[in-house]
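User: Could you take me through one part of this structure closely? I would like to look at the cysteines and what surrounds them, step by step.

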Amino acid sequence: MRALLWAIGLFAVAVGFVIAARYNNGYVLIVLPLWRAELSLNLAIALACVCFILGYVAVRTVIATATMPSRVREFQKRRSETRARATFNEAITNYFEGRFGRAEKAAVAALKAGESPALSSLLAARAAHGMRAFAMRDKYLARSMESDSEHAMKVMAQAEMLLDERRYYDALDVLKRLPEKHTAALRLELRAQQMAMNWERVLALIPQLEKRRVFERPVVAQLRRQAVIESLKRKAVDVASLREYWDKLSQDDKHEPRVAANAAQAFITLGACADAHKIVEEGLARQWDPALLGLYSDCLGANVRQQLERAELWLQDHPRDAVLLLVLGRLCCHEGLWGKARSYLEASLSIEATHSAHLELGRLLERESKPAEAAAEYQKALKVTLEQLKQYGGGRRRPVV
């Protein structure tokens, strides 16, 4: 349709020119010494148009001839850039497909062609890292560091690869080069600090990541719980250091059952029975936890009678708690209340048959000079233990060597 309109327009212009020339009687007089030429105006206009066209064509031909080498160079440059870009895209595709050998080869070719040197060298480094060719990886990383562009990208890539190699101290040194740590950098630092077991630094990083909503609340709670527990183990070198660290913890951390259980166990190991029992009592007042309760009968001292009274108060609210009945049995055994101890232990076994309850009852019967009954309880304890081992081992038996 467009071509048809152009044809009609040109035809109309030609007809207009023909009609105008038919009624045009003008002429052009050209006078030169010894020469005199007279032309009709129509012919003069036609000659002028032809000369203009010929001149334009000649000028364009000269310009095209003069700029031919530069245009050829630009064409070759565009073609090489297109090939380099295609090679780089091929390297990316192969890398994400897991074909690290092809990815490395394509990335090196793109690097030689000058296509995104920083990205190409990092891609080659990652491909070499995927093949565990660490020497080549470091070579490509050094090549990428030659340019000052994309500094954060290079630092992040190097730190991540060092962590995969479990060189977490080197990764931490690399991350220090960042002027400002964004969310991904903080996650890498958290991972490195966990691997380096720098739990105090982990505790300092968790609020920053929580503020940026990097992890869900259960994950944050788990990370914090692990860091606090490991810090407690580190501080359990003497009672003073452990007590100082425990006092500095927040109430939320203290009331976490696993944290409280590990703290109590640490105090028991150091012989600070009163601190351990206080932690158990405060923890159970906040949240009932059988694992924490089981530590209440360990490391018994001079205040066993008070512990027994408190445990009997707990029994009013938890009459069918097998662990509480076992703890009461142990406390009664310590105080020489053999009858109450036996009733508590038998009540515990009636709710749940455990290795510890059978073992405590067997010791009690042995004190009462009932070796046959004690031996039977010891056998039951062994049977329960073997059943638990069978469950944990999936019922498989190792072949006899």
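Analyst: Let's begin with Cys273, which has a relative accessibility of 16% and therefore counts as buried, since the cut-off is under 20%. Please keep in mind that this is a predicted model.

What does Cys273 join to? Its partner in a disulfide is Cys299, with 1.6 Å from S to S. A sulfur pair counts as a disulfide when the two atoms are within 2.5 Å. In general, a disulfide is a covalent bond between the sulfur atoms of two cysteines. The structure holds one disulfide, and you can look at its twist too: the torsion about the S-S bond of Cys273 and Cys299 is about -55 degrees, so the disulfide is left-handed.

Now place both ends on the chain. Cys273 belongs to helix α15, which covers residues 273–286, while Cys299 sits in the loop between α16 (290–293) and α17 (304–317), so the bond ties together parts that are 26 residues apart in sequence.

Next, what about cysteines without such a bond? Take Cys49: the closest cysteine sulfur belongs to Cys51 and is 9.4 Å from the sulfur of Cys49, which is too far for a bond. With a relative accessibility of 43%, Cys49 counts as partly exposed. Seen from the other side, Cys51 is in no disulfide either, and its nearest cysteine sulfur is that of Cys49, 9.4 Å away. Cys51 counts as exposed because its relative accessibility is 53%, and the cut-off for that word is over 50%.

Let's turn to the aromatic rings, beginning with a count: the structure holds five aromatic pairs. One of them brings us back to the loop that carries Cys299. In this pair, Tyr296 and Trp314 are tilted, at 5.0 Å centre to centre with 55 degrees between the planes. The pair links distant parts of the chain, as Tyr296 is in the loop between α16 and α17 and Trp314 is in helix α17, 18 residues apart. Are these two residues buried or exposed? Both Tyr296 and Trp314 are buried.

Another of the five aromatic pairs is made by Tyr168 and Tyr169, which are also tilted: their centres are 5.0 Å apart and their planes differ by 55 degrees. Here Tyr169 is partly exposed, with a relative accessible area of 48%. Finally, which residues form an aromatic cluster? Tyr95, Phe96 and Phe100 come together as one.

Terms used. Residues numbered from 1 in each chain as written. Predicted model: local features only at pLDDT ≥ 70, side-chain atom pairs only at ≥ 80, totals over all residues. Heavy atoms only, no water. Helix = DSSP H or I, 4+ residues; strand = E, 2+ residues; numbered from the N terminus. Buried < 20%, exposed > 50% of the residue type's maximum accessible area, 1.4 Å probe, protein only. Phe/Tyr/Trp six-rings, centres within 6.5 Å; stacked < 30°, edge-to-face > 60°.
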